[in-house]
Amino acid sequence: MSDFAYVNARLHAEGVALEDLATEVGTPFYCYSTAAMESRCEAFARAFDGLPATVCYSVKANSNLAVLREMARHGAGADVVSGGELARALKAGMAPDKIVFSGVGKTAGEIDAALEAGIAQINVESESELVMVGERARAHGVDAAVALRVNPDVDADTHEKISTGKVEDKFGIDLPHAADLYARTAAMEGVTPVGLAVHIGSQLTRLDPFREAFSRIAALVHDLRESGLEVRRLDLGGGLGIVYDGETPPHIADYAALVREVIAPLGCELLFEPGRWLVGNAGVLVTRVIRIKEGLSRRFVVVDAGMNDLLRPALYDARHRILPLNETAPDAEESPADVVGPVCESGDSFAVARPLPPLAEGDLVAICSAGAYGAVMASTYNSRALVPEVMVRGKVHAVVRPRQDIDALLGLESVPGWQEADTD
Ligand code: LLP
């Protein structure tokens with residue numbers, strides 16, 4: 001998190017003090033560092049230098065248009081999983097021929113939108129989807145490039161809710177069925193099989209599962225080629241883990257070395273769908289301490305951000321570092337506290353028995369590594385407005401999404417006519 005650092009004891013995003021942003025936009029808010037995204041994009045590109053590799057940034061990680069534009073500036077395309085994400089990627093200026101569409105439940109309307117945009121490929125996850133893509137493509141008079149997403153039945157050794165490559169997971173075509181379906185795709189009108197895709201999970205902290213999955217894909221490529229089928233593109237998905245608080249994920253160079261060893265000899269074009277790795281450590285969620293509550297067994301630090309703003313701790317027991325915006329003296333004693341939000345659920349918690357420096361009501365803290373799967377997973381639960389997102393670049397900043405207006409939120413709803421009549 002080197003782009004978030006203390007300068008004169010105040011936590012900064014690059015050249016901007018987060019406290020100044022809090023004064024301007026109020027709390028809670030998300031803040032993203034352009035420099036942090038930039039260095040990740042460059043590091044990813046460097047690691048795969050010399051290989052025919054394209055980054056299709058996984059839009060679901062952070063789909064703010066400013067973030068997408070930043071990715072596009074670095075030459076990235078997009079991995080999208082809905083018509084909405086496709087619209088965003090196109091609006092942000094991503095080249096259609098660098099967009100791939102994944103997901104188990106694409107609707108006919110979404111497939112139509114992808115075909116109309118002329119995206120690079122549709123990652124097909126079932127036979128039934130393949131049939132639908134073929135039908136829609138024929139109706140449009142086009143030929144759809146498809147990759148078959150394979151489920152290699154590999155344990156990604158990550159949280160069960162973000163594991164996607166085991167047979168019990170809903171994703172992908174089971175490996176034993178893939179070769180047959182690929183051959184049938186090749187014979188089908190309206191679709192052309194361009195290759196295979198694989199993604200076994202997110203926040204992987206070991207290389208072995210990648211090695212296992214990639215090896216199985218490589219073996220499948222050999223089989224397909226032996227039966228005379230062409231495989232020219234491999235989409236290796238995302239999943240590379242980041243450091244939240246003490247994890248030791250693989251280094252990008254080691255991940256790239258694995259790809260060079262296992263996949264590169266196949267001579268395919270390569271696509272990657274990193275999300276978290278590019279943006280996770282490029283964002284923080286800034287929140288204010290509303291209340292200190294000394295319970296019988298716990299000290300609760302109640303902040304103004306809730307699980308509706310950042311769901312990861314509640315949903316995946318995720319551990320995010322929490323830093324005070326004003327640096328604490330090195331000799332300040334830490335004591336354990338539960339950092340909780342205002343939402344009416346016991347799961348609305350950001351940290352349990354976490355050793356924290358002294359915090360008082362009114363203090364500001366940053367919940368770190370919130371750039372991926374933060375703002376995108378927010379909801380308005382408890383009728384809490386969506387919080388602003390601010391992007392920093394050097395000494396300048398821009399509000400890239402304002403705080404949602406609660407009246408505008410309520411304005412979306414209406415009562416049916418018969419209820420209005422009741423009150424007359
Ligand atoms: N490609 C596919 C097909 C995916 O399903 C995903 C993530 C990615 C790429 C990007 O994976 P990444 O590089 O970001 O690990 N909300 C969860 C993470 C869900 C990931 C879903 N799929 C979290 O907050 O941990």
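How many salt bridges does the rule find across the interface of domain 1 and domain 2? In this predicted model, the rule finds 1 salt bridge across that interface. The partners are aspartate 245 and arginine 319, whose closest N and O atoms are 2.7 Å apart. Aspartate 245 falls within the bounds of domain 2, which covers 34-279, whereas arginine 319 belongs to domain 1, which is made up of 4-31 and 281-410. Domain 1 is thus given as two segments of the chain, and domain 2 as one.

Polar contacts also link the two parts: 10 residue pairs between domain 1 and domain 2 are in polar contact, with both residues at pLDDT 80 or more. On the side of domain 1 that touches domain 2, the elements giving two or more residues are helix H11 (312-316), strand E20 (389-393) and strand E21 (396-401). Strand E20 provides the largest share of that side, with 4 residues. By residue class, the side of domain 1 that touches domain 2 consists of 9 nonpolar, 6 polar and 7 charged residues.

The extent of the interface was also computed. In total, 22 residues of domain 1 are in contact with 23 residues of domain 2. About 2,100 Å² is buried between the two domains, and carbon and sulfur atoms give 52% of this area. Of the area that domain 1 buries against domain 2, 27% is supplied by Asn281, Tyr373 and Met391, more than by any other three residues. The C-alpha centres of domain 1 and domain 2 are separated by 32 Å.

Technical notes:
Residues numbered from 1 in each chain as written. Predicted model: local features only at pLDDT ≥ 70, side-chain atom pairs only at ≥ 80, totals over all residues. Heavy atoms only, no water. Domains from an automatic or database assignment. Contact = heavy atoms within 4.5 Å. Buried area = accessible area lost by both parts, 1.4 Å probe. Salt bridge = Lys/Arg side-chain N within 4 Å of Asp/Glu carboxyl O. Polar contact = N/O pair within 3.5 Å; in protein donor to acceptor, adjacent residues only side chain to side chain. Nonpolar A, V, L, I, M, F, W, Y, C, P; charged D, E, K, R; others polar.
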